[in-house]
Amino acid sequence: MAGPIATAGTAAPRTGAEAARDRGGYRPALSLLASLFFMWGFITVINNTLLPHLRSVFDLDYTQTTLIESVWFIAYFVASIPAAKLIERVGYQRALVTGLGIMALGTLGMILAAHRVSYVITLTALFVIASGITLLQVAANPYVAVVGPAESAPARLNLVQAFNSLGTTLAPLFGGYLILGRSASGNAAAGATLTPAERLADAQSVQLPYLIVAVVLVVLAAVIARFPLPAISGSGGTTARAARAERAGLSLWRHRNLVLGVPAIFIYLVAEIGVSNLFINFVSQLEIGDLTHAQASRYLFLLWGGMMVGRFVGSYLMQRRPAETVLAGAAIGACAVMLVATFATGHLALWALISVGLFHAIMFPTIFTLGIRGLGPLTEEGAGLLIMAIAGGSLVVVQGWAADRYGLQHSFLITAACELYVLFYALWGCRTGAAARPAGA
């Protein structure tokens, strides 16, 4: 399953295909893959718009609301290893098409859930969508990291992740207009109670948005199925058997950058998802922004827009500075603004929370590329563990619990604490060295 991926971080002789990739022959494929990053970012953030909507429809408290998102991220834990096995059997391209098909099936499930006004079907459909995204993540992230020169992997992954952020930036506008803007809950004052008829109408308002998304996913799957993606050998057949022999005697646990990178991804996701999921409720509060949910969704647009800008800036900086240095600066900045958001009020707290997107922007792609650095033939297995760590987003329910008991604003102290672990990883945990060499090296 590894094949030429083994060259990412080793000194093995380059093949002609690798030389072509170094000359930039991989760029058309990256352009297409950017559309995948866009779509899964777009769909993920529609959930952030959906959560306050579902909170009103099903009359949920913060713990129950964030539990919906926990189900989404539990899918990453459940589906990551099966996704890696599927890629080994069918290859990257077919896995990408399969992932898009699974996502389309899940979006159709959301339409059914809206028709039946069913909480259980909603949770099931979201789990299916997230499982499809997991397959895309397991395939696309390591593909982008190794398809070009190893030294530019952090900058390259940050660049395509910027298109993920473009999707997350546009999603609140889409969801705010087609979901919150067309619903009673989206235009009601904070704390207003809906009638049974209004709840039924609000539940069914998600049908059109998810139908549009399903059509786009099917079209994108058809395009990728026919696109000549550069082959990265190691997916199935005799190459996979050769790769398994090559990996004999090697251990992922000897790579400190991976072992500490898995909890870094896990903890970072607690921070990112906690901010995005509770953002609309936070800025809607009387003492912060005094906004309706529909109005607040426009500010969520700025949060994700900041992440898009931050990734373009981060990609540029990493061509001139070590990736771990840029990551450390981002962690310090994120911790500082989260403390402001926790203890300030009014527009100062509102803009502090918005600005964290600039600092969060580079964290996932940078931790990911630092985590697989130097893994050689173990790159794909390491990538699977890092994607599995996205399940950390499921622990957002802990922040929901804290918000219910200690106040929504003070719950963001959890986010500030998460940034400190990212700082530790950037300063020390991501280093490779003696512990990172294979057994017998």
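At what angle do the axes of α14 and α16 cross? They cross at roughly 145°, and the two axes come within 10 Å. This is a predicted model, and the account below starts from that helix pair.

## The α14–α16 contact

α14 passes α16 in a left-handed crossing. On the α14 side, the contact uses Ala 323, Glu 324, Leu 327, Ala 330, Ala 331 and Ala 334. On the α16 side, these residues meet Met 363, Thr 366, Ile 367 and Leu 370. By class, the contact of α14 with α16 holds 8 nonpolar residues, 1 polar and 1 charged.

Two residues of this contact turn up again further along the chain. Cys 430 touches both Glu 324 and Leu 370. Its other partners, leaving aside residues up to four places away in sequence, are Asn 257, Arg 373 and Tyr 425. Cys 430 sits in the segment after α19, a helix that spans 413–429. Cys 430 counts as buried because its relative accessible area is 1%, and the cut-off for buried is under 20%. From Cys 430 to Leu 370 the C-alpha distance is 6.2 Å, with their positions 60 residues apart in sequence.

## Overall fold

The protein has 19 helices and 0 strands. Of its 441 residues, 59% are buried. Contacts reach far along the chain: among those between residues at least 6 apart in sequence, 85% join residues at least 24 apart.

## Pocket and cavities

Rolling a probe the size of a water molecule over the atoms shows where empty space is left. The largest pocket has a volume of about 540 Å³. It is lined by 32 residues, and those closest to its centre are Ser 152, Ala 153, Pro 154, Ala 155 and Arg 156. α6 gives the largest share of this lining, with 7 residues. Helices α2, α5, α6, α14 and α16 each supply at least two lining residues. Both partners of the crossing described above, α14 and α16, are therefore among the helices that line the largest pocket.

The search of the whole structure also finds 4 cavities of 30 Å³ or more. The largest cavity has a volume of about 260 Å³. Trp 40, Thr 44, Gln 137, Asn 164 and Glu 272 are the closest to its centre, out of 23 lining residues. At least two lining residues come from each of α2, α3, α6, α12 and α13.

The table sets out the two linings.

| Space | Volume | Nonpolar | Polar | Charged |
|---|---|---|---|---|
| Largest pocket | about 540 Å³ | 18 residues | 8 residues | 6 residues |
| Largest cavity | about 260 Å³ | 12 residues | 9 residues | 2 residues |

## Single residues

Which residues does Met 338 touch beyond its sequence neighbours? With residues up to four places away left out, they are Val 275, Leu 353, Val 356, Phe 412, Thr 415, Ala 416 and Glu 419. Met 338 is found in helix α14, which runs over 323–343. Its relative accessible area is 0%, so Met 338 is buried. Met 338 and Gln 409 lie 71 residues apart in sequence, yet their C-alpha atoms are 10.0 Å apart.

Is Thr 107 buried or exposed? Thr 107 is buried, because its relative accessibility is 0%. It lies in helix α4, residues 92–116. Outside the four places on either side in sequence, Thr 107 touches Ile 129, Tyr 210, Val 213, Ala 214 and Leu 217. Ile 129 falls within α5, which covers 119–146.

Tyr 316 gives another case. It lies in helix α13, a helix of residues 293–317. Its relative accessibility is 47%, so Tyr 316 counts as partly exposed; the range for that class runs between 20% and 50%. Tyr 316 and Asn 158 are 158 residues apart in sequence and 9.2 Å apart, C-alpha to C-alpha. Asn 158 belongs to the span of α6, 153–180.

One backbone value deserves a note. Most residues other than glycine have a negative phi. Asp 290 is not a glycine, yet its phi is positive, at about 50°. Asp 290 is placed in the loop between α12 and α13. Both of these helices supply residues to the lining of the largest cavity.

Key:
Residues are numbered from 1 along each chain as its sequence is written. This is a predicted model: local features need pLDDT of at least 70, side-chain atom pairs count only at pLDDT 80 or more; totals for chains, interfaces and linings use all residues. Side-chain values use heavy atoms; hydrogens and water are left out. On a 1 Å grid over the protein atoms alone, a cavity is a set of points where a 1.4 Å probe fits but cannot get out, and a pocket is an open set with protein on both sides within 12 Å along at least five of seven lines; lining residues have an atom within 4 Å of a point. Grid points are joined across faces, edges and corners, and a volume is the space filled by probe spheres set on the points. Helices (H or I, at least four residues) and strands (E, at least two) are DSSP runs, numbered from the N terminus. Ala, Val, Leu, Ile, Met, Phe, Trp, Tyr, Cys and Pro count as nonpolar, Asp, Glu, Lys and Arg as charged, and the others, Gly among them, as polar. Axes are lines fitted to C-alpha atoms, for helices over the stretch in contact, and angles run from 0 to 180 degrees between N-to-C directions. A crossing is left-handed if the near helix is turned anticlockwise from the far one by less than a right angle, and right-handed if clockwise. Contact means heavy atoms within 4.5 Å. Buried means under 20% relative accessible area, exposed over 50%, partly exposed in between (1.4 Å probe, protein chains only).
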